[in-house]
Amino acid sequence: MNSLSRAEVGAAFTDSRAPATPYDPAFDPLVSRSPGHNMQYAPTYWVASAGDPPPDDGPITGDTDADVVIIGSGFTGLATALFLAREHGIRATVLEANQVAWGCTSRNGGQGQNASGRLYRSQWIARWGLPTALKLDEEIRNGFETFRQLTEEIDCDPQPGGHLYIAHRPKKMDFLRNEAEVMRSRFGYDTRILTGEEVRRDWCGDREAAGAMHEPVGICVHPLKLAFGYMKMARALGARVHPSSPVTGWETRNGVHHLRTPGGVVRARAVAVATGAYGLQGLTPLLKNRVFPVLSNSIVTRPLTDEELQATNFLTHQAITDTRTLRFYYRLLPDRRVQIGSRSAISGAAAHQEHHYRLLVDGLARKFPALKGIRIDHSWWGWVDVSHDMMPRVVQPDPAQSIYYALGYGGNGVSFSAHAGRRMAERVAGQRGPEIELPIYDSALPFPRQGEWAAPFRRLGQSMLYRWYWLRDEIL
(Lines give C-alpha, C1' and ligand atoms only; values in the text may rest on other atoms or scores of the structure.)
Protein backbone atom coordinates (compact mmCIF):
# COMPACT_ATOMS: atom_id res chain seq x y z
CA MET A 1 0.00 0.00 0.00
CA ASN A 2 1.38 3.42 -0.90
CA SER A 3 2.42 6.00 1.69
CA LEU A 4 0.01 8.81 2.45
CA SER A 5 1.20 12.30 1.59
CA ARG A 6 1.89 14.70 4.43
CA ALA A 7 -1.37 16.54 3.78
CA GLU A 8 -3.34 13.29 3.84
CA VAL A 9 -1.73 12.22 7.11
CA GLY A 10 -2.73 15.51 8.72
CA ALA A 11 -6.27 15.27 7.39
CA ALA A 12 -6.63 11.70 8.64
CA PHE A 13 -5.79 12.66 12.23
CA THR A 14 -8.53 13.64 14.65
CA ASP A 15 -8.23 14.60 18.30
CA SER A 16 -11.06 13.24 20.43
CA ARG A 17 -10.50 16.01 23.00
CA ALA A 18 -11.26 18.71 20.39
CA PRO A 19 -9.34 21.60 21.99
CA ALA A 20 -10.74 25.03 21.18
CA THR A 21 -7.84 26.29 19.05
CA PRO A 22 -6.70 24.39 15.94
CA TYR A 23 -3.10 23.18 15.85
CA ASP A 24 -0.83 25.58 13.96
CA PRO A 25 1.74 23.54 12.02
CA ALA A 26 3.61 26.73 11.03
CA PHE A 27 4.31 27.83 14.63
CA ASP A 28 7.84 29.21 14.81
CA PRO A 29 9.31 30.42 18.13
CA LEU A 30 11.60 32.92 16.38
CA VAL A 31 8.82 34.75 14.53
CA SER A 32 5.48 33.84 16.15
CA ARG A 33 4.03 36.53 18.40
CA SER A 34 2.30 34.08 20.72
CA PRO A 35 3.03 30.56 21.97
CA GLY A 36 -0.62 29.74 21.31
CA HIS A 37 -3.59 29.50 23.63
CA ASN A 38 -5.24 26.14 24.23
CA MET A 39 -3.89 24.89 20.91
CA GLN A 40 -4.57 21.32 19.81
CA TYR A 41 -1.74 18.78 19.98
CA ALA A 42 0.42 18.08 16.95
CA PRO A 43 -0.78 14.90 15.18
CA THR A 44 1.78 12.56 16.72
CA TYR A 45 1.67 8.84 17.27
CA TRP A 46 2.21 9.49 20.97
CA VAL A 47 -0.93 11.62 21.24
CA ALA A 48 -2.95 9.03 19.34
CA SER A 49 -1.80 6.15 21.58
CA ALA A 50 -1.37 7.67 25.06
CA GLY A 51 -5.02 7.56 26.05
CA ASP A 52 -6.88 10.46 27.61
CA PRO A 53 -4.73 12.99 29.46
CA PRO A 54 -5.01 12.77 33.25
CA PRO A 55 -6.94 15.47 35.14
CA ASP A 56 -5.32 18.89 35.39
CA ASP A 57 -6.21 22.09 37.24
CA GLY A 58 -7.74 23.93 34.32
CA PRO A 59 -6.78 27.37 33.05
CA ILE A 60 -5.94 30.24 35.37
CA THR A 61 -9.24 32.03 36.06
CA GLY A 62 -8.21 34.89 38.35
CA ASP A 63 -5.33 36.59 40.08
CA THR A 64 -3.48 34.21 42.38
CA ASP A 65 -0.28 33.73 44.38
CA ALA A 66 2.29 30.93 44.17
CA ASP A 67 5.59 30.18 45.84
CA VAL A 68 7.11 28.94 42.57
CA VAL A 69 5.83 29.18 39.02
CA ILE A 70 7.15 26.83 36.34
CA ILE A 71 6.64 27.97 32.75
CA GLY A 72 6.23 24.94 30.48
CA SER A 73 4.65 21.55 31.13
CA GLY A 74 7.03 19.28 29.24
CA PHE A 75 9.39 16.73 30.76
CA THR A 76 11.51 19.36 32.49
CA GLY A 77 8.70 21.46 33.88
CA LEU A 78 6.73 18.51 35.20
CA ALA A 79 9.85 16.84 36.64
CA THR A 80 10.76 20.10 38.38
CA ALA A 81 7.28 20.27 39.91
CA LEU A 82 7.52 16.63 40.95
CA PHE A 83 10.89 16.98 42.68
CA LEU A 84 10.01 20.32 44.29
CA ALA A 85 7.08 18.57 45.95
CA ARG A 86 8.70 15.19 46.61
CA GLU A 87 12.09 16.32 47.89
CA HIS A 88 11.54 19.89 49.14
CA GLY A 89 7.88 20.13 50.14
CA ILE A 90 7.26 23.00 47.69
CA ARG A 91 4.01 22.97 45.74
CA ALA A 92 4.68 24.63 42.41
CA THR A 93 2.24 26.10 39.92
CA VAL A 94 2.89 25.01 36.31
CA LEU A 95 1.69 27.32 33.52
CA GLU A 96 1.25 25.82 30.05
CA ALA A 97 0.14 27.82 27.01
CA ASN A 98 -1.60 24.94 25.27
CA GLN A 99 -2.10 21.29 26.25
CA VAL A 100 0.05 19.48 28.82
CA ALA A 101 3.34 18.39 27.20
CA TRP A 102 2.28 20.13 23.98
CA GLY A 103 5.80 20.91 22.74
CA CYS A 104 8.79 18.67 22.17
CA THR A 105 7.76 16.25 24.93
CA SER A 106 4.90 14.91 22.79
CA ARG A 107 6.87 15.07 19.51
CA ASN A 108 10.26 13.41 20.12
CA GLY A 109 11.45 9.89 19.31
CA GLY A 110 11.25 8.55 22.87
CA GLN A 111 14.95 7.58 22.92
CA GLY A 112 16.37 7.91 26.43
CA GLN A 113 20.15 7.81 26.05
CA ASN A 114 23.02 8.21 28.51
CA ALA A 115 23.75 11.69 27.19
CA SER A 116 22.74 15.33 27.20
CA GLY A 117 23.53 17.95 24.64
CA ARG A 118 25.22 17.17 21.35
CA LEU A 119 28.86 16.65 22.34
CA TYR A 120 30.48 13.20 22.58
CA ARG A 121 32.57 12.23 25.58
CA SER A 122 35.78 12.63 23.58
CA GLN A 123 34.70 16.22 22.94
CA TRP A 124 34.12 16.74 26.68
CA ILE A 125 37.77 15.82 27.25
CA ALA A 126 38.94 18.14 24.46
CA ARG A 127 36.88 21.06 25.78
CA TRP A 128 37.30 20.75 29.57
CA GLY A 129 40.02 18.18 30.23
CA LEU A 130 39.71 14.65 31.58
CA PRO A 131 39.07 15.46 35.29
CA THR A 132 36.04 17.63 34.48
CA ALA A 133 34.85 15.19 31.82
CA LEU A 134 34.91 12.36 34.38
CA LYS A 135 32.84 14.42 36.83
CA LEU A 136 30.40 15.37 34.08
CA ASP A 137 30.07 11.72 33.10
CA GLU A 138 29.26 10.82 36.70
CA GLU A 139 26.55 13.48 36.73
CA ILE A 140 25.05 12.30 33.43
CA ARG A 141 25.06 8.72 34.76
CA ASN A 142 23.27 9.91 37.90
CA GLY A 143 20.83 11.68 35.61
CA PHE A 144 20.13 8.50 33.70
CA GLU A 145 19.49 6.70 37.00
CA THR A 146 16.93 9.37 37.92
CA PHE A 147 15.23 8.74 34.59
CA ARG A 148 15.43 4.94 34.93
CA GLN A 149 13.80 4.98 38.36
CA LEU A 150 10.92 7.11 37.07
CA THR A 151 10.34 4.74 34.13
CA GLU A 152 9.91 1.97 36.69
CA GLU A 153 7.29 3.97 38.57
CA ILE A 154 5.30 4.97 35.47
CA ASP A 155 3.55 2.86 32.84
CA CYS A 156 5.40 4.31 29.83
CA ASP A 157 6.26 1.21 27.75
CA PRO A 158 9.96 1.22 28.74
CA GLN A 159 12.29 -0.72 26.44
CA PRO A 160 15.75 -0.99 28.03
CA GLY A 161 18.92 -2.35 26.50
CA GLY A 162 21.04 0.50 25.17
CA HIS A 163 21.73 2.42 22.00
CA LEU A 164 22.95 1.23 18.60
CA TYR A 165 25.01 3.87 16.79
CA ILE A 166 25.20 2.84 13.14
CA ALA A 167 27.94 3.90 10.70
CA HIS A 168 26.01 4.85 7.56
CA ARG A 169 29.25 4.77 5.52
CA PRO A 170 32.46 2.75 5.97
CA LYS A 171 34.54 5.88 6.59
CA LYS A 172 32.55 6.52 9.79
CA MET A 173 33.88 3.36 11.43
CA ASP A 174 37.13 5.04 12.51
CA PHE A 175 35.12 7.64 14.42
CA LEU A 176 33.05 4.95 16.14
CA ARG A 177 36.12 2.88 17.03
CA ASN A 178 37.76 5.91 18.60
CA GLU A 179 34.64 6.87 20.55
CA ALA A 180 34.14 3.30 21.76
CA GLU A 181 37.74 3.17 22.98
CA VAL A 182 37.37 6.50 24.81
CA MET A 183 34.19 5.30 26.48
CA ARG A 184 35.83 2.01 27.52
CA SER A 185 39.24 3.21 28.61
CA ARG A 186 38.39 6.63 30.07
CA PHE A 187 34.87 6.16 31.38
CA GLY A 188 34.54 2.42 31.96
CA TYR A 189 31.63 1.67 29.63
CA ASP A 190 31.14 -1.75 28.06
CA THR A 191 30.90 -0.41 24.52
CA ARG A 192 31.22 -2.82 21.60
CA ILE A 193 32.08 -2.42 17.94
CA LEU A 194 29.96 -4.48 15.54
CA THR A 195 30.53 -5.27 11.89
CA GLY A 196 27.86 -4.54 9.32
CA GLU A 197 27.16 -8.26 9.08
CA GLU A 198 26.67 -8.49 12.85
CA VAL A 199 24.29 -5.52 12.81
CA ARG A 200 22.11 -7.07 10.11
CA ARG A 201 22.23 -10.55 11.64
CA ASP A 202 21.68 -9.76 15.32
CA TRP A 203 20.03 -6.32 15.54
CA CYS A 204 18.26 -5.03 12.44
CA GLY A 205 18.60 -5.35 8.69
CA ASP A 206 19.68 -1.77 7.99
CA ARG A 207 21.13 -1.97 4.46
CA GLU A 208 23.23 1.14 5.04
CA ALA A 209 25.03 -0.19 8.11
CA ALA A 210 28.78 -0.47 7.58
CA GLY A 211 29.10 -1.36 11.26
CA ALA A 212 28.04 0.09 14.59
CA MET A 213 28.92 0.95 18.16
CA HIS A 214 26.66 -0.45 20.85
CA GLU A 215 26.28 1.47 24.11
CA PRO A 216 24.77 -0.68 26.89
CA VAL A 217 22.87 2.15 28.63
CA GLY A 218 19.58 3.38 27.20
CA ILE A 219 15.82 3.08 27.61
CA CYS A 220 13.21 3.88 24.98
CA VAL A 221 9.83 5.09 26.26
CA HIS A 222 6.42 6.31 25.21
CA PRO A 223 7.19 9.97 25.94
CA LEU A 224 3.65 11.24 26.42
CA LYS A 225 2.74 8.42 28.79
CA LEU A 226 5.89 9.27 30.75
CA ALA A 227 4.95 12.97 30.90
CA PHE A 228 1.42 12.13 32.01
CA GLY A 229 2.96 10.00 34.74
CA TYR A 230 5.11 12.91 35.91
CA MET A 231 2.02 15.11 36.04
CA LYS A 232 -0.07 12.62 38.00
CA MET A 233 2.66 12.17 40.60
CA ALA A 234 3.33 15.90 40.90
CA ARG A 235 -0.36 16.75 41.34
CA ALA A 236 -0.80 13.97 43.88
CA LEU A 237 1.84 15.79 45.96
CA GLY A 238 0.14 19.17 45.68
CA ALA A 239 1.52 20.73 42.50
CA ARG A 240 -0.96 22.53 40.27
CA VAL A 241 -0.86 22.24 36.47
CA HIS A 242 -2.74 24.86 34.44
CA PRO A 243 -3.02 24.31 30.67
CA SER A 244 -4.40 27.02 28.37
CA SER A 245 -2.53 29.61 30.44
CA PRO A 246 0.17 31.26 28.30
CA VAL A 247 2.41 33.84 29.93
CA THR A 248 1.66 36.99 27.93
CA GLY A 249 3.50 39.45 30.16
CA TRP A 250 6.14 39.36 32.89
CA GLU A 251 7.00 42.12 35.34
CA THR A 252 9.08 41.93 38.50
CA ARG A 253 8.25 44.40 41.24
CA ASN A 254 9.89 44.42 44.66
CA GLY A 255 11.22 40.91 44.09
CA VAL A 256 7.82 39.49 43.15
CA HIS A 257 7.21 38.17 39.64
CA HIS A 258 3.87 39.15 38.09
CA LEU A 259 3.06 36.72 35.28
CA ARG A 260 0.11 37.79 33.18
CA THR A 261 -2.08 35.11 31.57
CA PRO A 262 -5.41 35.49 29.72
CA GLY A 263 -7.23 34.43 32.88
CA GLY A 264 -5.37 36.47 35.47
CA VAL A 265 -2.04 37.42 37.00
CA VAL A 266 0.02 34.85 38.89
CA ARG A 267 2.37 36.34 41.50
CA ALA A 268 5.40 34.25 42.49
CA ARG A 269 8.59 34.58 44.49
CA ALA A 270 10.50 32.40 41.99
CA VAL A 271 10.11 31.40 38.35
CA ALA A 272 11.61 28.33 36.64
CA VAL A 273 11.59 28.37 32.82
CA ALA A 274 11.20 24.97 31.14
CA THR A 275 9.93 25.88 27.69
CA GLY A 276 12.48 23.99 25.59
CA ALA A 277 12.54 25.49 22.11
CA TYR A 278 9.01 26.85 22.51
CA GLY A 279 9.80 29.93 24.59
CA LEU A 280 9.40 33.16 22.65
CA GLN A 281 12.18 35.73 22.36
CA GLY A 282 10.34 38.25 24.55
CA LEU A 283 9.62 35.94 27.47
CA THR A 284 12.60 37.24 29.50
CA PRO A 285 15.73 39.19 28.51
CA LEU A 286 17.75 36.48 30.26
CA LEU A 287 16.90 34.07 27.43
CA LYS A 288 16.84 36.25 24.33
CA ASN A 289 19.03 34.63 21.63
CA ARG A 290 20.35 32.03 24.10
CA VAL A 291 18.68 29.00 22.47
CA PHE A 292 18.44 28.25 18.75
CA PRO A 293 15.23 26.39 17.78
CA VAL A 294 15.78 23.68 15.16
CA LEU A 295 13.04 21.61 13.54
CA SER A 296 12.99 17.81 13.71
CA ASN A 297 10.67 15.67 11.60
CA SER A 298 9.13 12.27 12.41
CA ILE A 299 6.92 9.58 10.88
CA VAL A 300 5.45 6.31 12.14
CA THR A 301 4.38 3.44 9.88
CA ARG A 302 1.43 1.11 10.17
CA PRO A 303 2.21 -2.09 12.13
CA LEU A 304 4.58 -4.44 10.29
CA THR A 305 3.39 -7.84 9.14
CA ASP A 306 5.23 -11.03 10.07
CA GLU A 307 6.75 -11.07 6.61
CA GLU A 308 7.96 -7.47 6.92
CA LEU A 309 9.44 -8.15 10.34
CA GLN A 310 11.34 -11.07 8.90
CA ALA A 311 12.49 -9.05 5.88
CA THR A 312 13.71 -6.12 8.03
CA ASN A 313 15.10 -8.47 10.71
CA PHE A 314 14.18 -6.09 13.53
CA LEU A 315 15.42 -8.10 16.52
CA THR A 316 15.67 -5.14 18.90
CA HIS A 317 13.48 -2.36 20.27
CA GLN A 318 16.51 -0.35 21.33
CA ALA A 319 17.29 3.20 20.26
CA ILE A 320 19.08 3.44 16.91
CA THR A 321 20.76 6.46 15.34
CA ASP A 322 23.17 6.78 12.45
CA THR A 323 26.35 8.79 12.00
CA ARG A 324 25.02 11.48 9.68
CA THR A 325 25.53 14.98 11.02
CA LEU A 326 21.82 15.42 10.30
CA ARG A 327 21.19 12.01 11.73
CA PHE A 328 18.31 9.61 11.36
CA TYR A 329 16.93 8.22 14.64
CA TYR A 330 14.66 5.21 14.47
CA ARG A 331 13.36 2.15 16.29
CA LEU A 332 10.76 -0.59 16.32
CA LEU A 333 7.86 0.36 18.58
CA PRO A 334 6.10 -2.15 20.89
CA ASP A 335 3.15 -2.50 18.48
CA ARG A 336 5.46 -3.38 15.57
CA ARG A 337 5.41 0.03 13.91
CA VAL A 338 8.65 1.74 12.86
CA GLN A 339 9.32 5.33 13.92
CA ILE A 340 11.99 7.33 12.10
CA GLY A 341 12.97 10.98 12.40
CA SER A 342 15.56 13.46 11.19
CA ARG A 343 16.05 17.15 10.48
CA SER A 344 13.32 19.24 8.85
CA ALA A 345 12.82 22.73 7.48
CA ILE A 346 14.67 25.87 8.49
CA SER A 347 11.48 27.78 9.36
CA GLY A 348 8.02 26.88 10.58
CA ALA A 349 6.48 28.33 7.42
CA ALA A 350 8.33 25.73 5.30
CA ALA A 351 7.78 22.74 7.59
CA HIS A 352 4.79 21.44 5.60
CA GLN A 353 6.74 21.08 2.35
CA GLU A 354 6.59 17.59 0.94
CA HIS A 355 10.33 17.10 0.44
CA HIS A 356 10.91 17.12 4.22
CA TYR A 357 8.40 14.29 4.53
CA ARG A 358 9.99 12.48 1.56
CA LEU A 359 13.39 12.66 3.26
CA LEU A 360 12.08 10.30 5.94
CA VAL A 361 10.04 8.06 3.66
CA ASP A 362 12.97 7.64 1.27
CA GLY A 363 15.43 7.19 4.14
CA LEU A 364 13.31 4.42 5.60
CA ALA A 365 13.11 2.66 2.23
CA ARG A 366 16.86 2.99 1.71
CA LYS A 367 17.60 1.42 5.07
CA PHE A 368 14.83 -1.21 4.85
CA PRO A 369 13.83 -1.85 1.20
CA ALA A 370 10.99 -4.16 2.30
CA LEU A 371 9.23 -1.09 3.73
CA LYS A 372 9.24 0.91 0.50
CA GLY A 373 5.72 2.19 -0.05
CA ILE A 374 4.47 1.19 3.41
CA ARG A 375 1.56 3.24 4.70
CA ILE A 376 2.54 6.10 7.00
CA ASP A 377 -0.01 6.56 9.76
CA HIS A 378 1.50 9.53 11.60
CA SER A 379 3.64 12.47 10.49
CA TRP A 380 4.68 15.53 12.51
CA TRP A 381 7.48 17.92 13.34
CA GLY A 382 8.64 19.82 16.39
CA TRP A 383 11.24 22.28 17.64
CA VAL A 384 14.43 21.20 19.39
CA ASP A 385 16.26 23.55 21.79
CA VAL A 386 19.90 23.66 20.68
CA SER A 387 22.37 25.70 22.71
CA HIS A 388 25.10 27.61 20.88
CA ASP A 389 27.87 25.56 22.52
CA MET A 390 25.94 22.27 22.13
CA MET A 391 25.52 21.61 25.88
CA PRO A 392 22.53 22.22 28.17
CA ARG A 393 22.32 24.50 31.17
CA VAL A 394 20.47 24.23 34.47
CA VAL A 395 21.19 27.58 36.07
CA GLN A 396 20.17 30.69 37.92
CA PRO A 397 21.65 33.07 35.33
CA ASP A 398 21.53 36.17 37.52
CA PRO A 399 22.11 35.67 41.27
CA ALA A 400 20.17 38.86 41.95
CA GLN A 401 16.99 37.48 40.35
CA SER A 402 14.96 34.46 41.45
CA ILE A 403 14.73 33.16 37.88
CA TYR A 404 16.00 29.73 36.83
CA TYR A 405 16.02 27.72 33.64
CA ALA A 406 16.85 24.25 32.31
CA LEU A 407 17.30 24.32 28.53
CA GLY A 408 19.51 23.43 25.59
CA TYR A 409 19.36 19.61 25.41
CA GLY A 410 19.92 19.57 21.65
CA GLY A 411 17.67 16.56 21.06
CA ASN A 412 19.05 14.48 23.94
CA GLY A 413 16.58 15.54 26.60
CA VAL A 414 14.28 12.54 26.98
CA SER A 415 16.33 11.05 29.81
CA PHE A 416 18.37 13.98 31.14
CA SER A 417 15.34 16.27 31.47
CA ALA A 418 14.25 14.23 34.50
CA HIS A 419 17.51 14.95 36.30
CA ALA A 420 17.55 18.53 35.05
CA GLY A 421 14.18 18.95 36.73
CA ARG A 422 15.61 17.51 39.94
CA ARG A 423 18.64 19.84 39.82
CA MET A 424 16.50 22.88 38.99
CA ALA A 425 14.22 22.02 41.94
CA GLU A 426 17.31 21.95 44.19
CA ARG A 427 18.40 25.37 42.99
CA VAL A 428 14.94 26.85 43.48
CA ALA A 429 14.91 25.36 46.99
CA GLY A 430 18.30 26.96 47.75
CA GLN A 431 20.43 23.81 47.74
CA ARG A 432 23.95 23.94 46.26
CA GLY A 433 25.77 20.62 45.92
CA PRO A 434 29.32 20.02 44.62
CA GLU A 435 28.01 19.37 41.11
CA ILE A 436 27.26 23.09 40.82
CA GLU A 437 30.85 23.58 39.60
CA LEU A 438 30.22 21.53 36.46
CA PRO A 439 30.07 23.46 33.17
CA ILE A 440 26.36 22.70 32.63
CA TYR A 441 25.51 24.29 35.99
CA ASP A 442 28.01 27.12 36.51
CA SER A 443 27.30 29.45 33.58
CA ALA A 444 24.42 30.83 31.56
CA LEU A 445 23.59 29.69 28.05
CA PRO A 446 25.98 31.51 25.69
CA PHE A 447 25.14 33.76 22.77
CA PRO A 448 26.21 32.63 19.26
CA ARG A 449 29.97 32.17 19.08
CA GLN A 450 30.35 35.33 17.00
CA GLY A 451 28.34 37.36 19.52
CA GLU A 452 24.71 38.37 19.97
CA TRP A 453 24.90 40.55 16.85
CA ALA A 454 25.00 37.33 14.78
CA ALA A 455 21.68 36.00 16.10
CA PRO A 456 19.48 37.44 13.29
CA PHE A 457 21.66 35.67 10.71
CA ARG A 458 21.57 32.22 12.31
CA ARG A 459 19.05 30.77 9.91
CA LEU A 460 21.04 31.88 6.90
CA GLY A 461 24.04 30.11 8.39
CA GLN A 462 21.89 27.08 9.22
CA SER A 463 20.74 26.81 5.60
CA MET A 464 24.33 26.89 4.35
CA LEU A 465 25.44 24.38 6.98
CA TYR A 466 22.66 21.95 6.04
CA ARG A 467 23.91 21.94 2.44
CA TRP A 468 27.48 21.34 3.60
CA TYR A 469 26.40 18.58 6.02
CA TRP A 470 24.51 16.81 3.22
CA LEU A 471 27.58 16.89 0.97
CA ARG A 472 29.81 15.62 3.75
CA ASP A 473 27.37 12.91 4.85
CA GLU A 474 26.40 11.60 1.41
CA ILE A 475 29.05 12.56 -1.17
CA LEU A 476 32.49 13.48 0.13
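**View 1. Asn289 in the loop between strands S12 and S13.** In this predicted model, Asn289 sits in the loop that runs between strand S12 (264-273) and strand S13 (291-301). The backbone at Asn289 has a positive phi of about 65°, although the residue is not a glycine. Most residues other than glycine have a negative phi. Asn289 counts as buried because its relative accessibility is 9%, which falls under the 20% limit for that class.

**View 2. Arg336 in the loop between strands S15 and S16.** Arg336 is placed in the loop between strand S15 (329-332) and strand S16 (338-343), and, although not a glycine, Arg336 has a positive phi of about 75°. Is Arg336 buried or partly exposed? With a relative accessible area of 29%, Arg336 is partly exposed, since the value lies between the 20% and 50% limits that bound this class.

**View 3. Asp322 in strand S14 and the residues around it.** Asp322 belongs to strand S14, which covers residues 319-322, and Asp322 is buried, with a relative accessible area of 0%. The side chain of Asp322 is joined to the side chain of Arg324 by a polar contact of 2.7 Å. Which residues does Asp322 touch when those up to four places away in sequence are not counted? They are Tyr165, Ile166, His168, Glu208, Arg327, Phe328, Tyr330 and Lys367.

**View 4. The protein chain as the setting for the close-ups.** The protein chain contains twelve helices and 19 strands, and the C-alpha trace spans about 65 × 55 × 45 Å along its principal axes. For 476 residues, a compact globule would have a radius of gyration near 23 Å, and the 21 Å of the protein chain agrees with this. Of the contacts in the protein chain with a separation of 6 or more, 78% are accounted for by residues 24 or more positions apart.

**View 5. Burial, surface and charge in the protein chain.** Buried residues make up 59% of the 476 residues in the protein chain, while the area that the chain exposes is about 18800 Å², with 51% of this area supplied by carbon and sulfur atoms. The protein chain carries 54 positive and 49 negative charges, and the mean positions of these two sets are 4 Å apart.

Key. Residues are numbered from 1 along each chain as its sequence is written. This is a predicted model: local features need pLDDT of at least 70, side-chain atom pairs count only at pLDDT 80 or more; totals for chains, interfaces and linings use all residues. Side-chain values use heavy atoms; hydrogens and water are left out. Helices (H or I, at least four residues) and strands (E, at least two) are DSSP runs, numbered from the N terminus. Buried means under 20% relative accessible area, exposed over 50%, partly exposed in between (1.4 Å probe, protein chains only). A polar contact is a pair of N or O atoms within 3.5 Å; within protein, one must be able to donate a hydrogen and the other to accept it, and residues adjacent in sequence count only if both atoms are side-chain atoms. Contact means heavy atoms within 4.5 Å. The radius of gyration is taken over C-alpha atoms; the globule rule is 2.2 Å times the number of residues to the power 0.38. Accessible areas come from the Shrake-Rupley method with a 1.4 Å probe; for residues, only the protein chains shown count as cover. Lys and Arg count as positive and Asp and Glu as negative; His and the chain ends are not counted. The place of a charge is taken as NZ of Lys, CZ of Arg, CG of Asp or CD of Glu.
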